[in-house]
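The following exercises are to be worked through with the sequence and the structure in view. Each task is followed by a solution in steps.

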Amino acid sequence: MNYTESVTWLENRNIPLGEFTLDNIKELLNIFHKPQDKLKIIHITGTNGKGSVASFISNALIENNYKVGKFTSPYITNIREEIEINNVEISEKDFADLATEVREKVEELDEKKIFVSGFEILTSISYIYFARKNLDFAVMEVGMGGRVDATNVMEKSIPVFCHISLDHANILGDTIEKIAREKGGIIKEDSHIFSYPQEEAARRELKKISLEKNSDFEEFNEDEVKILRSNELGNIFNFRNYKNVEISLIGEHQALNASLALMVLDFLKEEYKLDEEKIKLGLKNAKNIGRTECLSKNPLIVIDGSHNLDSIERIEESVKKFKYNKLILGFSLLKDKDHEHILKKIENIADKIVLTEINNERHTDLVSLESEFKKFSKKEIYPIKNREEAVEKTISLAEEGDMILWCGSLYLIKDIRKIILDKLSK
């Protein structure tokens, strides 16, 4: 297969739905001699912040001259973005060659009624690619949950827990405890666990699993993070022995994400040579596209993949870092989200609202979304199905000094980002 054929095969892979287990991906990886167990893995889960923490950790290690693989999802620009070594995407040729090699084995498993999903195949490709490239570290971001996520097939890892809140409740559970237990499923025996400051219910669950797995649990308190400056350029903060740490990611919660990364890096210092100034430089250079990303200063256009109540609350705080007169909101939402609370929260910060539809089978249709908003909002609402026309509308509504914010789903932001960048380049 060439690259385009490989992507088409992966993205259109349909298999019979059954119970979520790791049995089938393990069967596939066993054929390739368990590549996941040849890697030093930093395994990151949580509801929000995974991509940022992955970027902070990998960039700090790269600055210290280590070879670091990073697997993240979903992609924003192209599928190769999910598999990187030292911030360089896997090449189209390597991707196509590996996909072709893996496909042969997948089809052999198909004949035995052992079905591997598209995401499991992509995860397998990343593990095989990383193992063959002789990495020092692989930073692996969980796709969803943890316990039965395709990434969770290794014998050993360093488990890292970002902020845990309610999301994907129909799959992971309808309470913080249930979700924390699912995410806590990445903890292996005799691990050293690192956690963001969690709600007590999540913290209790993670500590309980840590005890069951004979593992150390390390966390920090929010008051250990002293924010010195927070604005549209990022943050400067102190954390424990680290002073004047500068990051480019926007919002005070990113200082907490960076502090979580610093805890992990401090632990690695016990075994690896890590220079503090290089760590700080790595954190400063960390990027996370599609997350409070400023695409243009004039007009001021910001996009954010926030898609659950917790991340919408974060974007509400992050937009305060920008100076603007009125906020023009571009928005849509998948139908399996907490609509009532998310809509009320995001409506609060908007002066005018442009709604569109997401290119995903789980999209909320425009009529429903508009009527949900109109139940409680008296603001100007413009429903526009065509995403390009919706972007045009937000730009035409914005006057001098106004801000345009697009958010609601990473699947939405993937399209909106491309449309806006195409317009800006003309």
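A residue counts as buried when its relative accessible area is under 20%, as exposed when that area is over 50%, and as partly exposed in between. The model used throughout is a predicted one.

**Exercise 1. An aromatic cluster**

Task: Determine which rings Phe137 pairs with, and classify each pair by its geometry.

Solution.

Step 1. A pair of aromatic rings is described by the distance of the centres and the angle of the planes. Rings pair if their centres lie within 6.5 Å, and by this rule the count comes to 11 aromatic pairs.

Step 2. The ring centres of Tyr66 and Phe137 are 5.6 Å apart, and the planes stand at 85°. Planes over 60 degrees apart count as edge-to-face, so the pair of Tyr66 and Phe137 is edge-to-face.

Step 3. Tyr66 belongs to the loop between helix H3 (50–63) and strand S2 (68–71), while Phe137 belongs to strand S5 (residues 137–141); the pair therefore ties together parts that are 71 residues apart in sequence.

Step 4. Tyr66 has a relative accessibility of 14% and counts as buried. Phe137, at 0%, counts as buried too.

Step 5. Phe137 also forms an aromatic pair with Tyr272, with 4.8 Å from centre to centre and 55° between the planes; this pair is tilted. It links distant parts of the chain, 135 residues apart, since Phe137 is in strand S5 and Tyr272 is in the loop between helix H9 (252–268) and helix H10 (276–285). Both Phe137 and Tyr272 are buried.

Result: Tyr66, Phe137 and Tyr272 are linked by ring pairs into a cluster.

**Exercise 2. Helices H2 and H4**

Task: Describe how helix H2 packs against helix H4, and state which residues meet.

Solution.

Step 1. Two packed helices are described by the angle between their axes and the distance between the axes. For helix H2 (residues 23–31) and helix H4 (residues 92–111), the angle is about 130° and the axes are 10 Å apart. That angle makes H2 oblique to H4.

Step 2. The crossing in which H2 passes H4 is right-handed.

Step 3. On the H2 side, the contact involves Glu27, Leu28 and Ile31; on the H4 side, they meet Val102, Lys105, Val106 and Leu109. Sorted by class, this contact of H2 with H4 holds 5 nonpolar, no polar and 2 charged residues.

**Exercise 3. Helices H7 and H8, and the place of Glu205**

Task: Describe the contact of H7 with H8, and decide whether Glu205 is buried or exposed.

Solution.

Step 1. The axes of helix H7 (residues 176–183) and H8 cross at roughly 35° and come within 8 Å. H7 passes H8 in a right-handed crossing.

Step 2. From H7, the residues Ile176, Glu177, Ala180 and Arg181 take part; among the residues they meet in H8 are Ala201, Leu206 and Ile209. The contact of H7 with H8 divides into 6 nonpolar, no polar and 6 charged residues.

Step 3. Glu205 is placed in helix H8 (residues 200–212). Leaving aside residues up to four places away in sequence, Glu205 touches Glu177, Ala180 and Arg181.

Step 4. The relative accessible area of Glu205 is 12%, so Glu205 is buried.

**Exercise 4. Backbone features in loops**

Task: Locate the cis peptide bonds before Pro74 and Pro299, and find how accessible Asn65 and Asn87 are.

Solution.

Step 1. The peptide bond from Ser73 to Pro74 is cis, with omega near -10°. Pro74 is in the loop between S2 and strand S3 (83–85).

Step 2. Asn298 and Pro299 are likewise joined by a cis peptide bond, with omega about 0°. Pro299 is in the loop between strand S12 (293–297) and strand S13 (300–303).

Step 3. Asn65, a residue other than glycine, has a positive phi near 70°. Asn65 is in the loop between H3 and S2, and its relative accessible area of 62% makes it exposed.

Step 4. Asn87 also has a positive phi, near 65°. Asn87 is in the loop between S3 and strand S4 (88–89); with a relative accessible area of 37%, Asn87 is partly exposed.

Key: Residues are numbered from 1 along each chain as its sequence is written. This is a predicted model: local features need pLDDT of at least 70, side-chain atom pairs count only at pLDDT 80 or more; totals for chains, interfaces and linings use all residues. Side-chain values use heavy atoms; hydrogens and water are left out. Axes are lines fitted to C-alpha atoms, for helices over the stretch in contact, and angles run from 0 to 180 degrees between N-to-C directions. Helices (H or I, at least four residues) and strands (E, at least two) are DSSP runs, numbered from the N terminus. Angles under 35 degrees count as roughly parallel, over 145 as roughly antiparallel, 65 to 115 as roughly perpendicular and the rest as oblique. A crossing is left-handed if the near helix is turned anticlockwise from the far one by less than a right angle, and right-handed if clockwise. Contact means heavy atoms within 4.5 Å. Ala, Val, Leu, Ile, Met, Phe, Trp, Tyr, Cys and Pro count as nonpolar, Asp, Glu, Lys and Arg as charged, and the others, Gly among them, as polar. Buried means under 20% relative accessible area, exposed over 50%, partly exposed in between (1.4 Å probe, protein chains only). Rings of Phe, Tyr and Trp (its six-membered ring) pair if their centres lie within 6.5 Å; planes under 30 degrees apart count as stacked, over 60 as edge-to-face and the rest as tilted.
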